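The paragraphs that follow walk through one protein model, moving from a single strand residue to the overall fold, its cores and its enclosed spaces. Please keep the sequence and the structure in view while reading.

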Amino acid sequence: MLEKKRISKASPGFTLLELLLALTLVSVILLIVFGALRIGVRAWEKGERDLETRQRERVVLTLMKHQLASISVRKIKAGGKESFFLKGDDKSMEFISELAAVPGNELGVVYVRYVVDSEGAGEGEGLLLYEENVVMLREDEEIEEPEERDFRRLLSGARAIAFSYYKEGEGEEPPEWRDMWDPETERANPRAVKVTIDRGEDEPTISTVARIVQTGDA
């Protein structure tokens, strides 16, 4: 009886086509993973920037509120016009405060000017601050117009920043918020000042209201 010969077959290996397909699949998976990682890192960085911006805005609004609440009874003489306590419109505001924000002015009464400036087409608006110690300034002495380089930038990148002033009703006139406070037509300071920062459609608008104590108020 003839013995049957056992024929052993070697295990077939990967073909070149299969190897290329495997490498392509691994490359696609790695590309997806690293792409998702980049997106996640960018989202985290944007979140950190947004958080820092929000914190800075809150600090600036708190500072403005305290400075406005600390308005001095001392008048300002500036721009060749009659002395005034506070003057402003929706994009600028000036007054004398007993609270300083700039280092070096802590021990004295300061002249404060806030200005909203345009940062260019599509770049939004920013908020600038000028502060000058006026402890030694005589009441009849006029404050010189500050130069652009003397301002400090507090905020940038907002869609809009605006000031408004609360006017109490007189007689039958109801109280209202105004976008201008002219000391030549108003006998006293506004009862309050509101600062509003609008960051855009997808982000909440934030604001603060500072009550201003009038002469003779408790």
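In which strand does Lys87 lie? The model, which is a predicted one, places Lys87 in strand S1, a strand made of residues 86-89. Lys87 has a relative accessible area of 22% and is therefore partly exposed, since the buried class is reserved for values under 20%. Its C-alpha atom is separated by 6.1 Å from that of Pro183, although the two residues are 96 residues apart along the chain.

The overall fold gives this pairing its setting. The protein has 1 helix and 10 strands, and, when the sequence is read from its start, these elements follow the pattern α-β-β-β-β-β-β-β-β-β-β. Of the contacts in the protein with a separation of 6 or more, 56% are accounted for by residues 24 or more positions apart. Buried residues make up 31% of the 218 residues in the protein.

A second example of residues distant in sequence is found in strand S6, which holds Ala162. The C-alpha atoms of Ala162 and Val195 are separated by 5.9 Å, with their positions 33 residues apart along the chain. When residues up to four places away in sequence are not counted, Ala162 touches Val195 itself, together with Asp90, Lys194 and Thr196. Ala162 counts as partly exposed because its relative accessibility is 27%, a value that falls between the limits of 20% and 50%.

From here the reader may turn to the nonpolar interior. The largest nonpolar core contains 28 residues, and those that touch the most other members are Met93, Tyr114, Leu127 and Phe163. Two or more residues of this core come from each of helix H1 (16-69), strand S2 (92-97), strand S3 (110-118), strand S4 (125-133), strand S5 (152-158), strand S6 (160-167) and strand S9 (192-198). Apart from this core lies another one, of 11 residues, which includes Ala78, Phe84, Tyr111 and Val134.

Leu127 repays a closer look, being one of the residues that touch the most other members of the largest core. Residues up to four places away in sequence being left out, Leu127 touches Val60, Met64, Tyr114, Val115, Val116, Asp117, Arg152, Arg153, Leu154, Leu155, Ile161 and Phe163.

What volume does the largest pocket have? The space in the largest pocket comes to about 230 Å³, and 16 residues line this pocket, with Ser83, Phe84, Pro183, Glu184 and Glu186 lying nearest its centre. By class, the lining of the largest pocket divides into 6 nonpolar, 2 polar and 8 charged residues. Two of the names nearest the pocket centre have appeared above: Phe84 is among the residues of the core of 11 residues, and Pro183 is the partner of Lys87 at a C-alpha separation of 6.1 Å.

Glu186, another of the residues nearest the centre of the largest pocket, lies in the loop between strand S8 (180-181) and S9. Is Glu186 buried or exposed? Its relative accessible area is 13%, which is under the 20% limit, and so Glu186 is buried. The side chain of Glu186 is joined to that of Lys167 by a polar contact of 2.8 Å. Setting aside residues up to four places away in sequence, Glu186 touches Arg178 and Trp181 as well as Lys167.

A further loop, between S6 and strand S7 (176-178), holds Gly169. Gly169 is in contact with Pro174 and Pro175, its neighbours within four places in sequence being left aside. With a relative accessible area of 36%, which lies between 20% and 50%, Gly169 is classed as partly exposed.

The enclosed space remains to be described. The count comes to 1 cavity of 30 Å³ or more, and the largest cavity has a volume of about 40 Å³. Among the 10 residues that line the largest cavity, Lys75, Ile76, Lys77, Leu137 and Glu141 are the closest to its centre. The lining of the largest cavity has 4 nonpolar and 6 charged residues, with no polar residues.

Notes. Residues are numbered from 1 along each chain as its sequence is written. This is a predicted model: local features need pLDDT of at least 70, side-chain atom pairs count only at pLDDT 80 or more; totals for chains, interfaces and linings use all residues. Side-chain values use heavy atoms; hydrogens and water are left out. On a 1 Å grid over the protein atoms alone, a cavity is a set of points where a 1.4 Å probe fits but cannot get out, and a pocket is an open set with protein on both sides within 12 Å along at least five of seven lines; lining residues have an atom within 4 Å of a point. Grid points are joined across faces, edges and corners, and a volume is the space filled by probe spheres set on the points. Ala, Val, Leu, Ile, Met, Phe, Trp, Tyr, Cys and Pro count as nonpolar, Asp, Glu, Lys and Arg as charged, and the others, Gly among them, as polar. A nonpolar core is a set of buried Ala, Val, Leu, Ile, Met, Phe, Trp, Tyr and Cys residues joined through side-chain atoms within 4.5 Å. Buried means under 20% relative accessible area, exposed over 50%, partly exposed in between (1.4 Å probe, protein chains only). Helices (H or I, at least four residues) and strands (E, at least two) are DSSP runs, numbered from the N terminus. Contact means heavy atoms within 4.5 Å. A polar contact is a pair of N or O atoms within 3.5 Å; within protein, one must be able to donate a hydrogen and the other to accept it, and residues adjacent in sequence count only if both atoms are side-chain atoms.
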